[in-house]
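Subject: Structure handover

Hi,

Here is the structure for you to look over. My notes on what turned up follow below it.

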Amino acid sequence: MRALILLGLVGFAAQLVDGSLGMAYGVTSTTLLLAIGTNPAAASATIHLAEIGTTLASGVSHWRFDNIDWKVVAKIGLPGAVGAFAGATFLSGLSTEVAAPVMSIILLALGVYVLVRFTAFGLPRGNLGKPLRKRFLAPLGLVAGFVDATGGGGWGPVGTPAILASGRLAPRKVIGSIDASEFLVAIAASIGFFVGIGSENIDFSWVAVLLLGGVIAAPIAAWLVRHIPPRILGSAVGGVIVLTNVRTLLRSDWVDASGGVQAAAYIIIAAIWAAAIAYSLREYRRDRDNELAEAEEQRRAGEQETAGSPS
């Protein structure tokens, strides 16, 4: 019972982050399932089955808050489903000994990307309003879907920063569109895992509690996306993913690091992580103060212009 409660909390926290940042439900949940020794293909299958419900709830919530661009959903979601099915069948054919470190490497790379991307650059806002073309979104969806299924997560970490980097869609629209299109990816990946490994390795009680936690968090996250500082959250989530998957790799047969090496690695990563969060917090406050100063300057200029105009 304790394990199920913890999984429910994991599902809640992961969806809260995913719905407000546009990434990290699968990466975070799969990382934790791997850490307790779950078979990699079964872990990814469990997460994607739960995501059928959480992404549907998240999509509806984002739709109610007008956070979705449906043209983007169509252009990226369908190729993403194709990539996810291919990734699921590929992962199902790997042995556990090979799949676990391979998945951890993928998750680690995604974690580093999320940590660096949000800490160093924040959210770009140029080129808003320009159309996102299918020739950009279709290949992006195909790759993101494949990585998502093989890594147990990756749709958001690959898709969200790439679209944000274009600066052509408002951040809340990017997050809402990525979350809504992930519904198609989750269905396709789940079908791929059923074809590849069947259902005997999947604990459906785990699916249920992850789903329940995610569904509860979805509307909260859709509201928070308008208020939470994504830069700080991205740094925090990226650090969790990096630290957990480094732990998995250091303990794997591929590396088999000594206790001293593991402790040193954890201390270094924790220090970098803390510095990244502190930097993101400082930059967020600086940007906010600059925006407030600019708004105040514009207000004063407007008052002076009004006062100087003839009555």
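**A nonpolar surface patch**

Leu56, Val60, Trp63 and Trp70 make a nonpolar surface patch of about 450 Å². Helix α3 gives the largest share of the patch, with three residues. Leu56 is one of the patch residues and sits in helix α3. Its relative accessibility is 45%, so Leu56 counts as partly exposed. Please keep in mind that this is a predicted model.

**Overall build**

The protein chain has eleven helices and zero strands. Read from the N terminus, the elements therefore run α-α-α-α-α-α-α-α-α-α-α. Of the 311 residues in the chain, 50% are buried. The accessible surface comes to about 14,300 Å². Carbon and sulfur atoms account for 66% of that surface.

Contacts reach across the sequence. Take those between residues at least 6 apart: 85% of them join residues at least 24 apart.

**Cores**

Which residues have the most contacts inside the largest nonpolar core? They are Val72, Ile76, Ile163 and Phe193, in a core of 25 residues. Five elements are listed as giving two or more residues to this core: α3 (40–64), α4 (70–92), α6 (134–151), α7 (155–166) and α8 (171–197). Another core lies apart from it. That one has nine residues, among them Ile47, Ala50, Val207 and Leu210.

**Ile105**

Ile105 lies in helix α5, which spans residues 96–121. Is Ile105 buried, exposed or partly exposed? With a relative accessible area of 40%, Ile105 is partly exposed. Leaving out residues up to four places away in sequence, Ile105 touches Leu249 and Trp254. There is also a long-range approach to Val242. Ile105 and Val242 are 137 residues apart along the chain, and their C-alpha atoms are separated by 9.7 Å.

**The aromatic pair**

The count comes to one aromatic pair. Phe90 and Phe146 form this pair, and the geometry is tilted. The rings are 5.9 Å apart, centre to centre, with 40° between the planes. The label follows because planes under 30 degrees apart count as stacked and those over 60 as edge-to-face, with the rest tilted.

Phe90 lies in helix α4 and Phe146 in helix α6, so the pair ties together parts that are 56 residues apart in sequence. Both rings belong to partly exposed residues. Phe90 has 43% relative accessibility, and Phe146 has a relative accessible area of 33%.

**Salt bridges**

Some background before the list: side chains of opposite charge can pair when their charged atoms come close. How many salt bridges are there? The count comes to six. Three of interest follow.

- **Lys173 and Asp66.** Their closest N and O atoms are 3.4 Å apart. The pair links distant parts of the chain, 107 residues apart. Lys173 is in helix α8, and Asp66 is in the loop between α3 and α4. Lys173 counts as buried at 18% relative accessibility, because the cut-off for buried is under 20%. Asp66 is partly exposed, with a relative accessible area of 46%.
- **Arg282 and Glu283.** In this salt bridge the closest N and O atoms are 3.5 Å apart. Arg282 has 53% relative accessibility and counts as exposed. Glu283 has 8% and counts as buried.
- **Glu283 and Arg286.** Here the side chains meet at 2.7 Å, N to O. Both residues lie in helix α11 (residues 259–308). They are three residues apart, about one turn of the helix. Arg286 is partly exposed, with a relative accessible area of 42%.

Glu283 takes part in a wider arrangement. Arg282, Glu283, Arg286 and Asp287 are linked in a network of salt bridges. Within this network, Glu283 is buried, whereas Arg282 is exposed and Arg286 is partly exposed.

**In short**

The chain has eleven helices and zero strands. Its largest nonpolar core has 25 residues. Leu56, Val60, Trp63 and Trp70 make the surface patch. Phe90 and Phe146 form a tilted aromatic pair. Lys173 and Asp66 link distant parts of the chain.

Best wishes

Key:
Residues numbered from 1 in each chain as written. Predicted model: local features only at pLDDT ≥ 70, side-chain atom pairs only at ≥ 80, totals over all residues. Heavy atoms only, no water. Core = buried A, V, L, I, M, F, W, Y, C linked by side-chain atoms within 4.5 Å. Buried < 20%, exposed > 50% of the residue type's maximum accessible area, 1.4 Å probe, protein only. Helix = DSSP H or I, 4+ residues; strand = E, 2+ residues; numbered from the N terminus. Patch = residues over 30% accessible without salt bridge, like charges linked within 9 Å, V, L, I, M, F, W, Y side chains within 5 Å. Areas by Shrake-Rupley, 256 points an atom, 1.4 Å probe, with all protein chains shown as cover. Salt bridge = Lys/Arg side-chain N within 4 Å of Asp/Glu carboxyl O. Contact = heavy atoms within 4.5 Å. Phe/Tyr/Trp six-rings, centres within 6.5 Å; stacked < 30°, edge-to-face > 60°.
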